[in-house]
Amino acid sequence: MNNRIKYFGLGIFLFLFTLIIILWHIQVLKNEKYLLLSEKNRIRLVPIVAPRGNILDRNGVVLAFDKHFFELVAVPQDLSKNREELKELAKICGVDVEYFHKKIKERFVAPFYPVVLLRDVELSKVIKIEEQNIRFPGIRVREVFRRYYPQAETFAHIIGYTARPTLLEILTTEEFITDEDWIGRSGLEKTMDDVLRGKNGGTQVEIDNRGRMIRTLSWKGPEPGTDIRLTVDAGLQEFGKNLLAGRKGSIVVLDCSSASILAMVSSPSYNPNYFVSSDNRVTEILNDRRSIMLNRSLLPYPPGSIFKIITAISGLDKEIISPSQTFQCSGSIDIGNHRVHCFGARAHGNVNLHKGITDSCNTYFVNIGKMIGVDNISTYARIFNLGSPTGIELPFEKGGLVPDRIWKKKKINEDWYTGDTANISIGQGYVLTTPLQMANMALLVANNGISFKPRLIKTETNQNKKVSILSPEVFLPLKGAMEDVVRRGTGRLAGGDGISVAGKTGSAQVDNNRSHAWFIGYAPVKNPQIAFAVFLEFGGRGGEEPAIIAKKIVQYWMENSR
């Protein structure tokens with residue numbers, strides 16, 4: 001009995017001793033930590049989202065801005081217990097009261113934190129609610145910003161779109177963002193998101209132990225994002241979009257003096273406003289069989305005969321060929337077991353460089369391609385910035401492909417054959433280029449080898465570093481031939497009516513029945529102002545519809561750029 005009392009007393013002693021140690025640990029050793037935690041729980045931040053910067057064209061036309069909308073919000077701690085009031089509010093808004101109850105339950109953060117009940121509330125409903133606001137405690141209408149794209153489809157592939165951030169982004173982004181922010185997902189909205197987004201502000205409030213707000217402690221206003229001015233011309237872009245209506249393709253127009261992008265149209269397009277509203281047509285956009293979200297100006301395609309410009313320049317600069325050197329064309333040429341035809345199997349007769357470009361003679365270019373060799377052709381293609389992205393300020397740009405012996409061995413595990421050289425000489429086979437790269441190649445010819453980096457963002461100084469890539473003399477015979485392509489050759493439909501254009505047609509065979517169509521060039525022939533590429537997916541012959549589109553683009557620019 002005595003032992004049991006002794007052990008019981010010892011147990012009581014150990015329990016009290018342990019309790020004292022724990023209290024000492026909490027109150028003395030960890031006092032500062034728990035004070036901080038207590039303070040943190042007592043003080044909360046209600047964010048104020050910063051408006052994004054505007055995006056404007058070269059002339060100040062607004063292409064993207066934050067538009068004002070109304071939202072209906074509820075502050076749970078201030079809501080009345082009377083369900084009839086919320087039911088009356090739901091009636092004004094045209095929804096079932098259970099919808100409001102569901103939103104409050106799903107989106108509840110804290111008693112003081114506003115819960116969004118309805119977005120995009122119509123002004124007529126806002127007026128009704130404000131007139132009767134005394135009847136709806138805890139309910140208020142607030143003005144919010146949301147991205148808006150007034151030109152809709154016209155600039156979708158340049159501007160892109162925004163969307164709400166994911167939870168992971170909210171937790172991991174260094175800057176303070178909330179689920180009320182808009183984050184760039186595509187186009188310049190994505191690449192320039194840091195500049196456009198600005199810095200959020202907020203209201204610091206004190207709450208009680210039940211999460212109810214007691215008072216406001218401090219307030220910091222948001223810092224709006226920075227505006228961005230682009231090099232594009234909204235009128236030319238709209239004009240180009242209408243020219244491609246209903247077609248898959250691209251139009252890229254560059255300013256010859258700086259490689260500033262004046263227009264970059266990708267068709268078909270989509271309405272980016274659907275991504276920032278509750279419109280269910282986003283699903284239709286994503287599932288569209290025409291792949292309307294792809295920026296075709298930055299996608300690689302076989303270039304066909306417009307690549308002959310690279311073949312010619314590589315031979316001229318290496319002095320392997322001369323402009324006067326001729327080859328006989330009977331309408332086709334055999335490479336091993338494969339026969340390469342000129343268009344329509346037309347025999348061009350005795351062909352030099354000028355006639356080879358003007359009539360786009362495959363036989364001539366296969367012959368000089370074999371003399372020049374793939375190593376030289378691929379080297380000069382890279383000098384013309386092919387085979388890698390241009391570095392334009394847009395995401396998802398593809399670099400295309402400049403094949404050579406090493407590439408083929410590595411990718412296909414085959415040696416390089418003469419037939420491969422024949423193919424690359426006329427822009428067929430493995431070679432792939434983007435419409436932006438081809439417009440830039442036309443600019444290089446127009447500028448006698450002066451190179452700039454294509455750009456979309458207009459800088460304050462308007463400076464763009466220029467580099468001379470080849471001797472100007474190399475381009476002279478080529479430019480004379482490109483002038484005659486439009487005057488009397490394969491691109492005649494791009495000229496006439498006083499329009500001064502130099503160009504090159506291209507029809508890249510995809511299968512036995514279909515080919516992609518290209519027309520590239522510059523204008524005016526003397527003192528060029530613009531260089532361009534017109535591309536139609538499965539568009540047939542480059543000298544037909546693409547040449548007509550090119551002529552209209554040049555006409556528009558000459559009539560409206562002054």
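In this predicted model, D334 has a relative accessible area of 42% and is therefore partly exposed. Its side chain meets that of R339 in a salt bridge, with 2.6 Å from N to O. R339 has a relative accessibility of 46%, so R339 also counts as partly exposed. General chemistry offers the background to such pairs: side chains of opposite charge can pair when their charged atoms come close. A search of the whole structure returns 31 salt bridges.

A second pair sits in another setting. The side chains of D497 and K551 form a salt bridge of 2.7 Å, N to O. This pair links distant parts of the chain, with the two positions 54 residues apart: D497 belongs to the loop between helix 19 (476–487) and strand 19 (502–509), and K551 to helix 20 (residues 545–560). D497 counts as exposed because its relative accessibility is 65%. K551, in contrast, has a relative accessibility of 14% and so counts as buried.

Salt bridges with shared partners also join R52, D66, R147, E189, D193, D194 and R197 into one network. One of the pairs can be followed in detail: the side chains of D193 and R197 meet in a salt bridge of 2.7 Å, N to O. Both residues lie in helix 9 (residues 193–197), where they are four residues apart, about one turn of the helix. Both D193 and R197 are buried.

K103 provides a counterpoint to these pairs. The residue is placed in helix 4 (residues 97–107). K103 is buried but has no salt bridge; E106, the nearest side chain of opposite charge, is 4.5 Å away. A salt bridge requires a nitrogen to carboxyl oxygen distance within 4 Å. When neighbours within four places in sequence are set aside, the contacts of K103 are F108, V115, V116 and L117.

From single residues, the account turns to a whole helix. Helix 12 (residues 308–317) is mostly covered, with nine of its 10 residues buried. The buried residues are K308, I309, I310, T311, A312, I313, S314, G315 and L316. Just after this helix comes E319, with a positive phi of about 60°. E319 lies in the loop between helix 12 and strand 13 (327–329). Its relative accessibility is 71%, and E319 therefore counts as exposed.

The backbone of E319 merits a remark in the light of a general rule. Most residues other than glycine have a negative phi, and most peptide bonds are trans. E319 is a residue other than glycine with a positive phi. D120 likewise is not a glycine, yet has a positive phi of about 55°. The loop that holds D120 runs between strand 4 (115–118) and helix 5 (123–131). With a relative accessibility of 32%, D120 counts as partly exposed.

Cis peptide bonds form another part of the backbone description. The bond from S267 to P268 is cis, with omega near 0°. P268 is found in the loop between strand 12 (261–267) and helix 11 (281–287). The bond from A523 to P524 is also cis, with omega near -15°. P524 has its place in the loop between strand 20 (515–523) and strand 21 (530–536).

The overall form can now be considered. The protein contains 20 helices and 21 strands. Its radius of gyration is 33 Å, whereas a compact globule of 562 residues would have one near 24 Å. Along the principal axes, the C-alpha atoms fill a box of roughly 120 × 70 × 45 Å. G9 gives one example of separation within the model: its C-alpha atom is 75 Å from that of E122, and the two residues are 113 apart in sequence. G9 is part of helix 1 (residues 2–29) and counts as partly exposed because its relative accessibility is 37%.

Totals for the protein complete the picture. Of the 562 residues, 51% are buried. Among contacts between residues at least 6 apart in sequence, 69% join residues at least 24 apart. The exposed area is about 27700 Å², of which carbon and sulfur atoms supply 52%. The protein has 72 positive and 58 negative charges, and the mean positions of the two sets are 3 Å apart.

Technical notes: Residues numbered from 1 in each chain as written. Predicted model: local features only at pLDDT ≥ 70, side-chain atom pairs only at ≥ 80, totals over all residues. Heavy atoms only, no water. Rg over C-alpha atoms; globule rule 2.2 N^0.38 Å. Buried < 20%, exposed > 50% of the residue type's maximum accessible area, 1.4 Å probe, protein only. Contact = heavy atoms within 4.5 Å. Areas by Shrake-Rupley, 256 points an atom, 1.4 Å probe, with all protein chains shown as cover. Lys, Arg positive; Asp, Glu negative; His and termini not counted. Charge placed at Lys NZ, Arg CZ, Asp CG, Glu CD.
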